[in-house]
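Thank you for making time this morning. I would like to take you through one structure, going from its empty spaces to a few of its residues, and I will keep to what the coordinates can support.

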Amino acid sequence: MNKKQIMEQYRLWMKEAQADIDIAEELQNIARDEAKIEDAFYRDLGFGTGGLRGVIGAGTNRVNIYTVAKASQGVADYVNKHFSGERKIAIGYDSRVKSDLFARMASGVFAANGINVLMYEEIIPTPCLSFAVRRLNCAAGIMITASHNPAEYNGYKVYDADGCQITIKMAKEILVEIEKLDIFKEVRSVDFDEGIRAGSIEFISGTIYTEFIEEVKRQSMLGSSQSSLDKASTIVYTPLNGTGLKPVLRTLTEMGYTNVTVVKEQEEPDGHFPTCPQPNPENVQAMTLGIEYAKKNHAGLLLATDPDCDRIGIAVKNKDGEYVLLSGNETGVLLLDYICSQHKKRGTMPTDPVMIKTIVTTDMAERIAAHFGVRTINTLTGFKFIGEQIGLLESEGKSSSYIFGFEESCGYLSGAYVRDKDAVGGALLICEMFSYYKAKGVTLLQRLEELYQRFGFGLNTLYSFEFQGETGSKNMQRIMELFRREIHCLGGKNVLKRLDYAKGVDGLPKSDVLKFVLDGSCSVVVRPSGTEPKLKVYTFVSADSWEEATRKEEEIAKSLKRYIV
């Protein structure tokens, strides 16, 4: 969009966008700031497999009631074209700023388009939304959340009738519907309270939430055989001011974990995240307060769930008494090994067992899976692709084959009751695994070391490079093209194979992802984030010792940064 078009859009919004006083005031405040106007209007906020995600505020490149309403009209048009009979959509929302407002706006649009809305009455985790879509036979689902992003963000996730976040084909078809619309003239809507009175909008019964908790509890690998667990150790938990407090505490309490201390400053829902401005349990900064609580309470385990409670991070004590944050890969391989070993021990391993992971998740998982006779399916980045594969297994009559799925960004799922990662289920299995090994006098770090000794030391590192605005977006495109053309050696290691997923690889959908297989059992994956203005680089190094792995990784990282920074 050129400068003239940007100013035309700005003036249109000044005239039409008066329903939300915050938006109207912001438009007035930026009247003399060309840079802010340009950033707010240079494009429409991208809609894809992650739905919408962006900064809350005024403009076409922001999350607000108008962009949410337009997206909802596009989803409604898609649903009405593809589904006959009674059409239902489930809606949930998290603790972020204006999540409840956006949920109500979306509900009003769907109701005005003849679609019955089933909405959670209070904040809930993302996996609860996926569960409701499946349980209530909905045509689609909407979750208002920006997951682990900073406080200024919000988003709009779209789910298909299987409770799986939409993948590439459906996202493109919905985008076609959205792009047809005039944001101020062609969006139909009814008042939320009017929809409630008319019965076109209803609140989801509390029994659905209880059924979700019961399904989570069924994921226990030990069932009623809990006597082999040591549940005496203190566990510290922080929901990072998000949605996890009620479901995580309820699940753990009902399963006998009563010695749980909650981080008070991060207990209550608060979309401003005052003590953790970037509420991502992958980051040490988000875990700092929890670690202080763990030290004070001599806890054996620290759990942290992100605002929409689909990711979970953990920290445990090392031999020196310091708390160590485990990566998503480390927790994932521990859970995979625990689940597989318990299936083997109890004779419950299904026929043709399957583990599903993304291509940016540690290769070590494949070696562990193979050891237990478990087949690995690799997918593109994003748990939606794992959910899609679970659905495909189910359509082939192999629903019982799925035993575990995970991604490096702290997302785990052990059952097919939902089609998205679930930190409530993750919390239960992590506590059970921790308590199981504690009863045997083994720490999680000791168990992880045993796995490294058996399957090789795997060092996996994620680097994120931020590129804001239109200029940043162009820079990311330039860097990706540079990598496609010119990378033949990284860190002194030759590129043995270049996999360009934009051209299609291994039958996977096309995606702007590059993988370089290097000599010396190393590899690198580069991709633009689908939900943040970032370029993400993943390094994978295998070696006979940590020292060797660290040296290899440092050399590769230094070489990579020359092309990016």
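What follows is a walk through two cavities, one pocket, one helix and two single residues. Please keep in mind throughout that this is a predicted model.

Let me begin with the enclosed spaces. The general idea is that rolling a probe the size of a water molecule over the atoms shows where empty space is left. Here the count comes to two cavities of 30 Å³ or more, and the largest cavity holds about 40 Å³ of space. Its lining is made up of Phe404, Tyr412, Leu413, Ser414, Tyr417, Asp422, Gly425, Gly426 and Leu429, and the elements that contribute two or more of these residues are β15, residues 411-413, and α15, residues 423-439. The largest share, three residues, comes from α15. By character, the lining of the largest cavity divides into five nonpolar residues, three polar and one charged.

The second largest cavity has a volume of about 30 Å³, and the residues lining this cavity are Tyr463, Phe465, Val537, Ala557, Leu560 and Lys561. At least two of its lining residues come from β16, and at least two from α18, which spans 546-564, with α18 supplying the largest share, three residues. In this lining there are five nonpolar residues, no polar ones and one charged.

From the cavities I turn to a pocket. The second largest pocket has a volume of about 480 Å³, and of the 24 residues that line it, Ser327, Gly328, Asn329, Asn460 and Thr461 lie nearest its centre. Two or more lining residues are given by each of β11 (323-326), α12 (328-346), β16 (457-466) and β21 (534-543), and β16 gives the most, with five residues. So strand β16 appears in two places in this account, in the lining of the second largest cavity and in that of the second largest pocket. The pocket lining divides into 13 nonpolar, eight polar and three charged residues.

Next, a strand residue. Ile312 is found in strand β10, residues 312-317, and it counts as buried because its relative accessibility is 1%, where the cut-off is under 20%. Leaving aside neighbours within four places in sequence, Ile312 is in contact with Pro281, Leu303, Ala304, Thr305, Cys410, Tyr412, Ala423, Gly426, Ala427 and Ile430. Among these contacts are Tyr412 and Gly426, which also belong to the lining of the largest cavity.

Towards the N terminus, helix α3 covers residues 34-41, and its buried residues are Ile37, Ala40 and Phe41. They lie on the same side of α3, because they cover an arc of only 80° around the axis. The general background is that an α-helix has 3.6 residues a turn, so residues three or four places apart point the same way. The buried residues of α3 pack against α1 (3-16) and α2 (21-29).

Finally, is Arg62 buried or exposed? Arg62 is found in the loop between β1 (52-55) and α4 (65-82), and it counts as buried because its relative accessibility is 12%. Its side chain makes a polar contact of 2.9 Å with the side chain of Asp39. Not counting residues up to four places away in sequence, Arg62 touches Asp39, Ala40, Leu45, Val55, Gly57 and Thr67; one of these, Ala40, is among the buried residues of α3.

Note on methods. Residues numbered from 1 in each chain as written. Predicted model: local features only at pLDDT ≥ 70, side-chain atom pairs only at ≥ 80, totals over all residues. Heavy atoms only, no water. 1 Å grid on protein atoms, 1.4 Å probe; cavity = no way out; pocket = protein on both sides within 12 Å on 5 of 7 lines; lining within 4 Å. Points joined across faces, edges and corners; volume = space filled by probe spheres on them. Helix = DSSP H or I, 4+ residues; strand = E, 2+ residues; numbered from the N terminus. Nonpolar A, V, L, I, M, F, W, Y, C, P; charged D, E, K, R; others polar. Buried < 20%, exposed > 50% of the residue type's maximum accessible area, 1.4 Å probe, protein only. Polar contact = N/O pair within 3.5 Å; in protein donor to acceptor, adjacent residues only side chain to side chain. Contact = heavy atoms within 4.5 Å. Arc of directions from axis to C-beta.
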